[in-house]
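Please look over the sequence and the structure shown here. Some questions and answers follow.

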Amino acid sequence: MTWFTGHVDEVFGLARTHLVLSMVPLLFGLLIALPLGWMARRVPRLYGPLIAGSGLLYTIPSLALFILMPLVLGTQILDPINVIVAMTIYTIALMVRTVADGLAAVPDHVTQAATSMGIGRWRRFFTVELPLAVPVIAAGLRVAAVSNVSIVSVAAIIGVAQLGSLFTDGFNRAFVDPIVVGVIACLVLAVAVDAAILLVVRLLTPWQRGGAAA
Amino acid sequence: MIVLEDVQKRFPDGTVAVGGLSLTAPDGRITVLVGPSGCGKTTSLRMINRMIEPTGGSITVNGQDVAAMNPNELRRGMGYVIQHAGLFPHRSVIDNVATVPVLLGTKKSVARRQAMELLERVGLEPALAQRYPNQLSGGQQQRVGVARALAADPPVMLMDEPFSAVDPVVREQLQDEFLRLQSELGKTIVFVTHDIDEAIKLGDQVAVLRVGGTLAQVASPADLLADPVDDFVADFLGKDRGYRGLGFQATPQLPLREEVTVPIGSSKEQALRLAAGQRWILALDDQRRPLGWVEPEHLRDEVVPTMLHRGGTVASTEGSLRNALDAALSSPSRRGVIVDAAGRFVGTVVAAEVLSAVEVARADS
């Protein structure tokens, strides 16, 4: 562990990049998956293709996707944008189905009641359906978040530095300390992100808890 | 006034849910749509607020064609109550009730204050206002559903089996309170149910629909029971139509009998003395309200509530002939207990006397 104490700043720096590279795509992916999931739910004919299509994205090997990105986007090979876009694609892959399922879980009589009160389609989506889909969407989001934290480390191979760099570094030098530190740091990050999402969900869904409401 | 004229609904797959329904729901009255499943009653209701668009005919509300109105504005002007209340699980009870007023632009604080009054009006404790719907019982949720539908004080209420999902005891409470509320508010109500007893209890007029969405008969409950137009309606109304019809006949002046009564808490000796050989005497409380029949012979020491026969129903002079007849039939002494409007005992009546009153009422009509 003397290695760690000597490299605290470096590890924290890598962790910060790691966090940005996994969480910014999580946000983007969610924002893109929302309309896609909504569409899958709203147009029954699109449900199959959208769910299958987005799910298929997840099967693309991450390394291949990272390498493919500069070709598709016309970016530099070392540009972090490549990683952001690739991770966003993975998030979309996981979230489209979750969003569609979350919206499907909103009880029919509740949406009908909303309609019967003259709540228009858009207002209904944002004030009734989306809030009620939060628990399901959040469950999927937690999976995607942890998955992102894990997958993004592969980007070290194409030279985008984050905690994964500790693995390549340790591997190249046949030196186990950075690898152990990297694993632990990834784990801590994943748990922290998971806990943060859980906290946000609890704040967003006071109605899910028993007891008197705020 | 809501007028349906030859309204039709054919779904894209060719099934006809409503096959030309013409019906008028008068102002301030409860019109009940009743019929077996598949008779298009819910579809008909939903065409009024355009949750389903008709494929033929026209619907007007106070002379305005609903097809020409903005659907959301139309709906905000009509209260709508459904079977499972359909409350928003993520909003507190009070915010559920305030939904439509807020949509219509009422300030949130004002809407909440009005919502509190409404909750009280439908018989809910103020303490429940801050709860979420899943913390309420089914009956309470349904009351919130009614309060929410009333929140913007719409002249029209559409109700789709609002009391079907609660147990019979709560249902009866909700029905009674609904009638009380309606007597104060005088809304124009279209009420859908599959339960003919509910239809007869609540409706000012009852429209019986056939499968395929056509009108079999529309009439007041009393007329419906007295004169069903065909076998379908008669079968749907069920048995005991004559007896149930008495429920709509006011009790005329009945020849009331004096009755030996005993105050609750009296001793056995006192009760025996008062009875003077009679098997059953009536126990009253200190307000002269009847508590139950008692057999002095079988008393241990005092006339206590546990020794009273509880089977007899009590009829009011303000009630129906059905109540009076049932009071006589259910009484262990065969003498039906009659009370005044304040619930005080005024006398008893035997079944034969009620029946002759029925005959007299028939001959007069």
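## Helix contact, interface and sheets

Q: Which residues of α3(A) meet α5(A)?
A: Contact here means heavy atoms within 4.5 Å. On the α5(A) side the residues met are A:Ile89, A:Tyr90, A:Ile92, A:Ala93, A:Val96, A:Arg97, A:Ala100 and A:Asp101. From α3(A) come A:Tyr47, A:Leu50, A:Ile51, A:Ser54, A:Gly55 and A:Leu57.

Q: On what kind of model do these answers rest, and which atoms do side-chain values use?
A: This is a predicted model, in which local features need pLDDT of at least 70 and side-chain atom pairs count only at pLDDT 80 or more, while totals for chains, interfaces and linings use all residues. Residues are numbered from 1 along each chain as its sequence is written, chains are lettered from A and ligands numbered from 1 in the order in which they are written, and side-chain values leave out hydrogens and water and use heavy atoms.

Q: At what angle do the axes of α3(A) and α5(A) cross?
A: Axes are lines fitted to C-alpha atoms, for helices over the stretch in contact, and angles run from 0 to 180 degrees between N-to-C directions. Helix α3 covers residues 44-57 of chain A and helix α5 covers residues 80-104 of chain A. Their axes come within 7 Å and cross at roughly 150°.

Q: How many helices and strands does chain A have?
A: Helices (H or I, at least four residues) and strands (E, at least two) are DSSP runs, numbered from the N terminus. Along the sequence, chain A reads α-α-α-α-α-α-α-α-α. The count for chain A is nine helices and zero strands.

Q: What area is buried between chain A and chain B?
A: Buried area is the accessible area (1.4 Å probe) that two parts lose on being put together, summed over both. The contact takes 24 residues from chain A and 24 residues from chain B. Carbon and sulfur atoms give 62% of the buried area, which is about 2,000 Å².

Q: How many salt bridges are counted between chain A and chain B?
A: A salt bridge is a side-chain nitrogen of Lys or Arg within 4 Å of a carboxyl oxygen of Asp or Glu. The whole structure holds 18 salt bridges over all chains. Between chain A and chain B the count is zero.

Q: Which residue's side chain meets that of B:Arg121 in a salt bridge?
A: The N to O distance of this salt bridge is 2.9 Å. B:Arg121 lies in helix α5 (residues 108-121) of chain B and its partner in helix α7 (residues 168-185) of chain B, so the pair ties together parts that are 63 residues apart in sequence. The partner is B:Glu184.

Q: What is the bridge partner of B:Pro263 in β12(B)?
A: Two strands pair if DSSP finds at least two bridges between them. The open sheet has the order β11-β12-β13 (chain B), with mixed pairing. β11(B) and β12(B) (residues 281-284) run parallel and are joined by three bridges. In β12(B), the partner of B:Pro263 is B:Leu284.

Q: Which helix packs on the sheet β14-β15-β16 of chain B?
A: This open sheet of three strands has mixed pairing, and its edge strands are β14 (314-316) and β16 (345-350) of chain B. The twist averages 40° from one strand to the next. The helix touches β14, β15 and β16 of chain B, and its direction makes about 135° with that of β15(B). It is helix α13 (residues 321-330) of chain B.
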